[in-house]
Amino acid sequence: MNRDKSTFLIILQLLIITSLVIMDLVNQPQGIFRGVLFTMLFVITGILLFMRFQFITKLKGIVVELKRAIHGNFNTRLLANDDHILAEVIFSINELIEQLDKFQVQTIKSEAVRKSLLSNISHDIRTPLTSIIGYVDALKDDIAASEEEKQEYLAIISKKANSLKQLIDEIFHMAKLDADEVPLKEESLDFAEIARESLIEFLPVLKKYDIELKVRIPEENCLIMADRLSLLRIIRNIINNAVHYGREGKVLGIELTETAREYQLLVWDRGPGISKVNLSRVFERMYRSDQSRNPLNGGSGLGLAIAKALVEKNRGRIWVESIPWEKTTFGFSIPKHNE
Ligand code: ATP
Ligand code: MG
(Lines give C-alpha, C1' and ligand atoms only; values in the text may rest on other atoms or scores of the structure.)
(Ligands and ions follow the chains in the order given, each with its own letter.)
Protein backbone atom coordinates (compact mmCIF):
# COMPACT_ATOMS: atom_id res chain seq x y z
CA MET A 1 0.00 0.00 0.00
CA ASN A 2 2.72 2.44 1.10
CA ARG A 3 4.82 1.46 -1.88
CA ASP A 4 1.87 2.20 -4.22
CA LYS A 5 1.38 5.56 -2.53
CA SER A 6 5.01 6.54 -3.06
CA THR A 7 4.92 5.41 -6.71
CA PHE A 8 1.80 7.56 -7.19
CA LEU A 9 3.49 10.56 -5.53
CA ILE A 10 6.65 10.18 -7.66
CA ILE A 11 4.51 10.08 -10.86
CA LEU A 12 2.66 13.20 -9.65
CA GLN A 13 5.99 14.88 -8.97
CA LEU A 14 7.15 14.05 -12.51
CA LEU A 15 3.91 15.41 -14.01
CA ILE A 16 4.26 18.65 -12.08
CA ILE A 17 7.90 19.06 -13.12
CA THR A 18 6.95 18.34 -16.77
CA SER A 19 4.13 20.94 -16.60
CA LEU A 20 6.52 23.52 -15.12
CA VAL A 21 9.13 22.83 -17.84
CA ILE A 22 6.48 23.10 -20.58
CA MET A 23 5.19 26.36 -19.08
CA ASP A 24 8.76 27.68 -19.10
CA LEU A 25 9.27 26.65 -22.75
CA VAL A 26 6.07 28.31 -23.99
CA ASN A 27 6.93 31.40 -21.96
CA GLN A 28 3.79 31.37 -19.87
CA PRO A 29 3.60 34.39 -17.55
CA GLN A 30 4.06 33.70 -13.86
CA GLY A 31 0.69 33.09 -12.36
CA ILE A 32 -1.26 31.48 -9.58
CA PHE A 33 -1.22 28.10 -11.34
CA ARG A 34 2.59 28.04 -11.31
CA GLY A 35 2.56 28.88 -7.60
CA VAL A 36 0.11 26.06 -6.89
CA LEU A 37 2.28 23.57 -8.80
CA PHE A 38 5.40 24.61 -6.84
CA THR A 39 3.53 24.25 -3.54
CA MET A 40 2.32 20.79 -4.56
CA LEU A 41 5.85 19.80 -5.51
CA PHE A 42 7.09 20.95 -2.13
CA VAL A 43 4.36 19.09 -0.21
CA ILE A 44 4.83 15.86 -2.20
CA THR A 45 8.60 15.93 -1.64
CA GLY A 46 7.92 16.42 2.08
CA ILE A 47 5.53 13.44 2.18
CA LEU A 48 8.02 11.26 0.28
CA LEU A 49 10.79 12.22 2.69
CA PHE A 50 8.53 11.33 5.64
CA MET A 51 7.64 7.96 4.09
CA ARG A 52 11.30 7.22 3.47
CA PHE A 53 12.04 8.00 7.11
CA GLN A 54 9.22 5.66 8.22
CA PHE A 55 10.54 2.90 5.92
CA ILE A 56 14.09 3.19 7.33
CA THR A 57 12.72 3.05 10.91
CA LYS A 58 10.80 -0.17 10.12
CA LEU A 59 13.86 -1.67 8.44
CA LYS A 60 15.97 -0.89 11.50
CA GLY A 61 13.35 -2.67 13.65
CA ILE A 62 13.61 -5.75 11.41
CA VAL A 63 17.41 -5.71 11.64
CA VAL A 64 17.23 -5.56 15.47
CA GLU A 65 14.88 -8.62 15.57
CA LEU A 66 17.03 -10.45 13.04
CA LYS A 67 20.15 -9.87 15.13
CA ARG A 68 18.29 -11.32 18.10
CA ALA A 69 17.54 -14.45 16.06
CA ILE A 70 21.16 -14.61 14.83
CA HIS A 71 22.31 -14.61 18.46
CA GLY A 72 20.16 -17.66 19.17
CA ASN A 73 16.84 -16.19 20.36
CA PHE A 74 14.55 -18.15 18.03
CA ASN A 75 11.47 -17.13 20.03
CA THR A 76 11.58 -13.77 18.38
CA ARG A 77 9.11 -13.06 15.55
CA LEU A 78 8.87 -9.96 13.34
CA LEU A 79 5.59 -8.05 13.36
CA ALA A 80 3.89 -7.59 10.00
CA ASN A 81 3.08 -4.03 8.95
CA ASP A 82 1.01 -2.28 6.32
CA ASP A 83 3.78 -2.20 3.70
CA HIS A 84 2.91 -5.27 1.61
CA ILE A 85 6.42 -5.82 0.22
CA LEU A 86 7.92 -5.55 3.71
CA ALA A 87 5.12 -7.83 5.01
CA GLU A 88 6.18 -10.53 2.51
CA VAL A 89 9.81 -10.20 3.56
CA ILE A 90 8.79 -10.35 7.22
CA PHE A 91 6.68 -13.46 6.58
CA SER A 92 9.62 -15.24 4.90
CA ILE A 93 12.02 -14.21 7.65
CA ASN A 94 9.58 -15.51 10.31
CA GLU A 95 9.36 -18.80 8.45
CA LEU A 96 13.16 -19.00 8.33
CA ILE A 97 13.42 -18.30 12.08
CA GLU A 98 10.82 -21.04 12.73
CA GLN A 99 12.82 -23.57 10.68
CA LEU A 100 16.01 -22.60 12.52
CA ASP A 101 14.15 -23.00 15.81
CA LYS A 102 13.06 -26.56 14.87
CA PHE A 103 16.57 -27.38 13.71
CA GLN A 104 18.04 -26.14 16.99
CA VAL A 105 15.60 -28.25 19.04
CA GLN A 106 16.55 -31.32 16.96
CA THR A 107 20.27 -30.65 17.38
CA ILE A 108 19.87 -30.34 21.16
CA LYS A 109 17.95 -33.65 21.25
CA SER A 110 20.47 -35.59 19.16
CA GLU A 111 23.30 -34.09 21.20
CA ALA A 112 21.60 -35.41 24.37
CA VAL A 113 21.16 -38.85 22.75
CA ARG A 114 24.82 -38.85 21.67
CA LYS A 115 25.97 -37.95 25.20
CA SER A 116 23.88 -40.67 26.84
CA LEU A 117 25.05 -43.22 24.23
CA LEU A 118 28.65 -42.31 24.93
CA SER A 119 28.19 -42.58 28.67
CA ASN A 120 26.43 -45.98 28.28
CA ILE A 121 29.17 -47.25 25.99
CA SER A 122 31.96 -46.14 28.31
CA HIS A 123 30.15 -47.69 31.27
CA ASP A 124 29.67 -50.97 29.38
CA ILE A 125 33.33 -51.07 28.41
CA ARG A 126 34.72 -49.92 31.73
CA THR A 127 32.79 -52.43 33.89
CA PRO A 128 34.12 -55.69 32.36
CA LEU A 129 37.53 -54.11 31.82
CA THR A 130 37.82 -53.21 35.52
CA SER A 131 36.96 -56.73 36.47
CA ILE A 132 39.42 -58.19 33.92
CA ILE A 133 42.17 -55.97 35.37
CA GLY A 134 41.18 -57.12 38.88
CA TYR A 135 41.50 -60.81 38.01
CA VAL A 136 44.76 -60.31 36.06
CA ASP A 137 46.25 -58.46 39.06
CA ALA A 138 45.08 -61.23 41.37
CA LEU A 139 46.81 -63.81 39.16
CA LYS A 140 49.94 -61.66 38.97
CA ASP A 141 50.10 -61.29 42.76
CA ASP A 142 49.47 -65.02 43.16
CA ILE A 143 46.35 -64.39 45.21
CA ALA A 144 44.63 -67.52 43.87
CA ALA A 145 45.19 -70.26 46.39
CA SER A 146 44.90 -73.33 44.18
CA GLU A 147 45.38 -74.26 40.52
CA GLU A 148 41.61 -74.77 40.35
CA GLU A 149 41.03 -71.18 41.48
CA LYS A 150 43.51 -69.90 38.89
CA GLN A 151 41.64 -71.72 36.14
CA GLU A 152 38.42 -70.21 37.45
CA TYR A 153 39.91 -66.68 37.23
CA LEU A 154 41.15 -67.38 33.70
CA ALA A 155 37.71 -68.60 32.64
CA ILE A 156 36.12 -65.39 34.00
CA ILE A 157 38.74 -63.26 32.21
CA SER A 158 38.10 -65.11 28.96
CA LYS A 159 34.30 -64.72 29.29
CA LYS A 160 34.51 -61.00 30.05
CA ALA A 161 37.03 -60.38 27.25
CA ASN A 162 34.77 -62.18 24.78
CA SER A 163 31.69 -60.20 25.73
CA LEU A 164 33.77 -57.02 25.48
CA LYS A 165 34.80 -58.00 21.97
CA GLN A 166 31.16 -58.74 21.10
CA LEU A 167 30.13 -55.29 22.38
CA ILE A 168 32.86 -53.56 20.36
CA ASP A 169 31.84 -55.55 17.25
CA GLU A 170 28.23 -54.43 17.68
CA ILE A 171 29.17 -50.78 18.21
CA PHE A 172 31.33 -51.00 15.10
CA HIS A 173 28.52 -52.59 13.09
CA MET A 174 26.02 -49.94 14.24
CA ALA A 175 28.45 -47.16 13.29
CA LYS A 176 28.91 -48.71 9.86
CA LEU A 177 25.14 -48.95 9.42
CA ASP A 178 24.84 -45.27 10.36
CA ALA A 179 27.47 -44.29 7.84
CA ASP A 180 25.71 -46.46 5.26
CA GLU A 181 28.85 -48.53 4.88
CA VAL A 182 27.25 -51.96 5.18
CA PRO A 183 27.02 -53.26 1.64
CA LEU A 184 23.78 -55.14 0.99
CA LYS A 185 23.83 -57.96 -1.51
CA GLU A 186 20.23 -58.18 -2.64
CA GLU A 187 19.20 -61.50 -4.10
CA SER A 188 16.10 -63.59 -4.55
CA LEU A 189 15.72 -65.68 -1.38
CA ASP A 190 13.32 -68.18 0.12
CA PHE A 191 12.31 -66.60 3.46
CA ALA A 192 11.02 -69.97 4.74
CA GLU A 193 14.39 -71.62 4.17
CA ILE A 194 16.27 -68.77 5.87
CA ALA A 195 13.95 -68.98 8.90
CA ARG A 196 14.49 -72.77 9.21
CA GLU A 197 18.24 -72.37 8.76
CA SER A 198 18.40 -69.72 11.52
CA LEU A 199 16.54 -71.98 13.92
CA ILE A 200 19.03 -74.82 13.66
CA GLU A 201 21.80 -73.04 15.56
CA PHE A 202 19.42 -72.54 18.53
CA LEU A 203 18.38 -76.17 18.91
CA PRO A 204 21.10 -77.02 21.47
CA VAL A 205 20.29 -74.00 23.69
CA LEU A 206 16.53 -74.73 23.48
CA LYS A 207 17.27 -78.25 24.64
CA LYS A 208 19.52 -76.99 27.40
CA TYR A 209 16.78 -74.74 28.86
CA ASP A 210 14.04 -77.26 28.11
CA ILE A 211 12.16 -74.83 25.84
CA GLU A 212 9.42 -76.27 23.63
CA LEU A 213 9.60 -75.13 19.99
CA LYS A 214 6.44 -74.34 18.04
CA VAL A 215 7.16 -73.82 14.36
CA ARG A 216 4.73 -72.72 11.65
CA ILE A 217 6.75 -72.16 8.52
CA PRO A 218 5.18 -73.00 5.14
CA GLU A 219 6.67 -75.82 3.05
CA GLU A 220 6.42 -73.86 -0.19
CA ASN A 221 8.81 -71.10 -1.31
CA CYS A 222 8.29 -67.63 0.16
CA LEU A 223 10.23 -65.47 -2.26
CA ILE A 224 11.71 -62.16 -1.19
CA MET A 225 14.42 -59.88 -2.55
CA ALA A 226 16.77 -59.15 0.35
CA ASP A 227 20.27 -59.37 1.75
CA ARG A 228 20.86 -62.84 3.19
CA LEU A 229 23.36 -61.81 5.89
CA SER A 230 21.04 -59.05 7.14
CA LEU A 231 18.16 -61.52 7.48
CA LEU A 232 20.26 -64.06 9.36
CA ARG A 233 21.45 -61.36 11.73
CA ILE A 234 17.95 -59.93 12.36
CA ILE A 235 16.47 -63.37 13.07
CA ARG A 236 19.41 -64.38 15.27
CA ASN A 237 19.09 -61.20 17.37
CA ILE A 238 15.35 -61.69 17.89
CA ILE A 239 15.52 -65.42 18.69
CA ASN A 240 18.48 -64.80 20.97
CA ASN A 241 16.39 -62.31 22.96
CA ALA A 242 13.40 -64.68 23.13
CA VAL A 243 15.66 -67.41 24.55
CA HIS A 244 17.54 -65.02 26.82
CA TYR A 245 14.66 -63.00 28.26
CA GLY A 246 11.70 -65.31 27.69
CA ARG A 247 13.07 -68.72 28.58
CA GLU A 248 11.05 -68.92 31.81
CA GLY A 249 7.95 -69.13 29.62
CA LYS A 250 9.33 -72.46 28.35
CA VAL A 251 7.96 -71.98 24.81
CA LEU A 252 9.43 -70.41 21.70
CA GLY A 253 7.22 -69.84 18.67
CA ILE A 254 8.29 -69.06 15.10
CA GLU A 255 5.70 -68.29 12.45
CA LEU A 256 6.02 -67.15 8.87
CA THR A 257 2.82 -65.56 7.61
CA GLU A 258 1.94 -63.63 4.49
CA THR A 259 -0.18 -60.63 3.51
CA ALA A 260 -0.91 -59.40 0.00
CA ARG A 261 2.38 -57.54 -0.26
CA GLU A 262 4.77 -58.97 2.32
CA TYR A 263 5.95 -61.92 4.38
CA GLN A 264 6.05 -61.52 8.15
CA LEU A 265 8.24 -63.49 10.51
CA LEU A 266 6.93 -63.64 14.08
CA VAL A 267 9.04 -64.84 17.01
CA TRP A 268 7.19 -65.20 20.30
CA ASP A 269 7.72 -66.38 23.84
CA ARG A 270 5.66 -66.62 27.02
CA GLY A 271 8.24 -64.99 29.30
CA PRO A 272 8.00 -61.91 31.58
CA GLY A 273 7.69 -59.71 28.48
CA ILE A 274 8.05 -55.96 28.28
CA SER A 275 5.98 -53.37 30.15
CA LYS A 276 3.95 -50.80 28.16
CA VAL A 277 6.33 -47.94 29.03
CA ASN A 278 9.31 -49.89 27.75
CA LEU A 279 7.65 -51.21 24.59
CA SER A 280 8.24 -48.08 22.55
CA ARG A 281 11.88 -47.92 23.63
CA VAL A 282 13.22 -51.41 22.96
CA PHE A 283 14.46 -50.48 19.48
CA GLU A 284 16.48 -47.55 20.84
CA ARG A 285 20.24 -47.92 20.94
CA MET A 286 21.68 -49.20 24.21
CA TYR A 287 18.17 -49.52 25.63
CA ARG A 288 17.75 -52.30 28.18
CA SER A 289 14.92 -52.73 30.66
CA ASP A 290 15.95 -52.39 34.30
CA GLN A 291 16.01 -56.16 34.87
CA SER A 292 18.22 -56.64 31.80
CA ARG A 293 20.73 -54.13 33.18
CA ASN A 294 21.72 -56.84 35.61
CA PRO A 295 25.37 -57.55 34.70
CA LEU A 296 24.61 -61.29 34.66
CA ASN A 297 22.38 -60.70 31.67
CA GLY A 298 25.23 -59.40 29.55
CA GLY A 299 23.63 -57.69 26.51
CA SER A 300 24.74 -54.34 25.14
CA GLY A 301 21.27 -53.11 24.18
CA LEU A 302 22.25 -52.79 20.53
CA GLY A 303 20.77 -56.03 19.14
CA LEU A 304 17.30 -54.67 18.36
CA ALA A 305 18.60 -51.28 17.15
CA ILE A 306 20.78 -53.15 14.65
CA ALA A 307 17.86 -55.44 13.70
CA LYS A 308 15.64 -52.39 13.09
CA ALA A 309 18.25 -50.65 10.92
CA LEU A 310 18.78 -53.84 8.88
CA VAL A 311 15.03 -54.48 8.45
CA GLU A 312 14.54 -50.93 7.19
CA LYS A 313 17.48 -51.23 4.81
CA ASN A 314 15.68 -54.24 3.36
CA ARG A 315 12.48 -52.15 2.95
CA GLY A 316 10.65 -53.83 5.83
CA ARG A 317 9.09 -52.92 9.19
CA ILE A 318 9.75 -54.26 12.68
CA TRP A 319 7.38 -54.22 15.67
CA VAL A 320 6.76 -55.71 19.10
CA GLU A 321 3.67 -56.63 21.12
CA SER A 322 3.74 -57.91 24.66
CA ILE A 323 1.37 -59.27 27.26
CA PRO A 324 3.69 -60.29 30.12
CA TRP A 325 3.73 -64.04 30.81
CA GLU A 326 1.16 -64.57 28.04
CA LYS A 327 2.79 -63.69 24.74
CA THR A 328 5.62 -61.40 23.66
CA THR A 329 5.97 -61.22 19.90
CA PHE A 330 8.68 -59.58 17.84
CA GLY A 331 7.73 -59.43 14.18
CA PHE A 332 9.29 -58.05 11.04
CA SER A 333 8.19 -57.92 7.45
CA ILE A 334 9.95 -58.05 4.09
CA PRO A 335 8.15 -57.19 0.82
CA LYS A 336 7.29 -60.11 -1.45
CA HIS A 337 9.32 -60.64 -4.58
CA ASN A 338 7.15 -61.56 -7.53
CA GLU A 339 9.19 -63.10 -10.31
P1 ATP B 1 22.43 -57.30 22.77
O2 ATP B 1 23.00 -56.10 22.06
O3 ATP B 1 23.48 -58.22 23.24
O4 ATP B 1 21.34 -57.94 22.01
P5 ATP B 1 20.27 -56.70 24.58
O6 ATP B 1 19.68 -58.05 24.36
O7 ATP B 1 20.22 -56.13 25.97
O8 ATP B 1 21.79 -56.68 24.11
P9 ATP B 1 18.44 -55.77 22.59
O10 ATP B 1 18.47 -57.07 21.90
O11 ATP B 1 18.43 -54.52 21.78
O12 ATP B 1 19.64 -55.62 23.61
O13 ATP B 1 17.15 -55.75 23.52
C14 ATP B 1 16.85 -54.56 24.25
C15 ATP B 1 16.07 -54.90 25.50
O16 ATP B 1 14.76 -55.33 25.15
C17 ATP B 1 16.63 -56.07 26.29
O18 ATP B 1 17.66 -55.63 27.16
C19 ATP B 1 15.41 -56.53 27.07
O20 ATP B 1 15.21 -55.71 28.20
C21 ATP B 1 14.26 -56.24 26.09
N22 ATP B 1 13.82 -57.46 25.37
C23 ATP B 1 14.14 -57.82 24.12
N24 ATP B 1 13.52 -58.96 23.75
C25 ATP B 1 12.78 -59.34 24.81
C26 ATP B 1 11.90 -60.45 25.08
N27 ATP B 1 11.66 -61.40 24.17
N28 ATP B 1 11.31 -60.48 26.30
C29 ATP B 1 11.53 -59.55 27.21
N30 ATP B 1 12.35 -58.47 27.04
C31 ATP B 1 12.97 -58.37 25.85
MG1 MG C 1 19.61 -58.83 22.40
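In what order do the 5 strands of the open sheet run? Keep that in mind as you open this predicted model; the tour starts with the sheet and then moves outwards.

**Stop 1: the sheet.** Select the strands and read off the order S2-S4-S5-S7-S6, an open sheet with mixed pairing. Its edges are strand S2 (212-216) and strand S6 (318-323), each of which pairs on one side only. Going from one strand to the next, the twist averages 15°.

Now show strand S5 (residues 262-269) with strand S7 (residues 327-335): the two pair in the antiparallel sense, over 8 bridges. To see a single bridge, pick Asp 269 and look across to Thr 328, its partner in S7.

**Stop 2: the main core.** Next, bring up the side chains of Phe 191, Leu 231, Ile 239, Leu 265 and Phe 332. These have the most contacts inside the largest nonpolar core, which has 49 residues. Colour helix H7 (residues 228-246) as well, since this helix gives the most to the core, with 8 residues. Because domain 2 (114-178) and domain 3 (186-335) both contribute residues, the core lies between them.

Zoom in on Ile 239. Leaving aside residues up to four places away in sequence, Ile 239 touches Leu 199, Phe 202, Leu 252, Ile 254 and Val 267.

**Stop 3: Leu 177.** Is Leu 177 buried or exposed? Select Leu 177 in helix H4 (residues 147-178) and you will find it buried, as its relative accessible area of 6% is under the 20% cut-off. Again not counting residues up to four places away in sequence, Leu 177 touches Val 182, Ile 306, Ala 309, Leu 310 and Lys 313. For a distance check, draw a line from Leu 177 to His 337: they are 160 residues apart in sequence and 24 Å apart in space, C-alpha to C-alpha.

**Stop 4: domain 1.** Finally, select residues 2-73, which the domain assignment gives as domain 1. Between the centres of domain 1 and domain 2, taken over C-alpha atoms, there are 81 Å.

An unreviewed UniProt entry lists residues 7-26 and 32-51 under "transmembrane region". Select residues 7-26 to see a span that is 95% helix and 0% strand, with end C-alpha atoms 29 Å apart. Residues 32-51 are 100% helix and 0% strand, and here the end C-alpha atoms are 29 Å apart.

For a last selection, show Leu 9, Leu 37, Ile 44 and Leu 48, which are among the 9 residues of a second, separate core.

Note on methods:
Residues numbered from 1 in each chain as written. Chains lettered and ligands numbered in written order. Predicted model: local features only at pLDDT ≥ 70, side-chain atom pairs only at ≥ 80, totals over all residues. Heavy atoms only, no water. UniProt positions renumbered as here; feature names shortened; annotations may be inferred. Helix = DSSP H or I, 4+ residues; strand = E, 2+ residues; numbered from the N terminus. Domains from an automatic or database assignment. Buried < 20%, exposed > 50% of the residue type's maximum accessible area, 1.4 Å probe, protein only. Contact = heavy atoms within 4.5 Å. Pairing = 2+ DSSP bridges. Axes fitted to C-alpha atoms, helices over the stretch in contact; angles between N-to-C directions. Core = buried A, V, L, I, M, F, W, Y, C linked by side-chain atoms within 4.5 Å.
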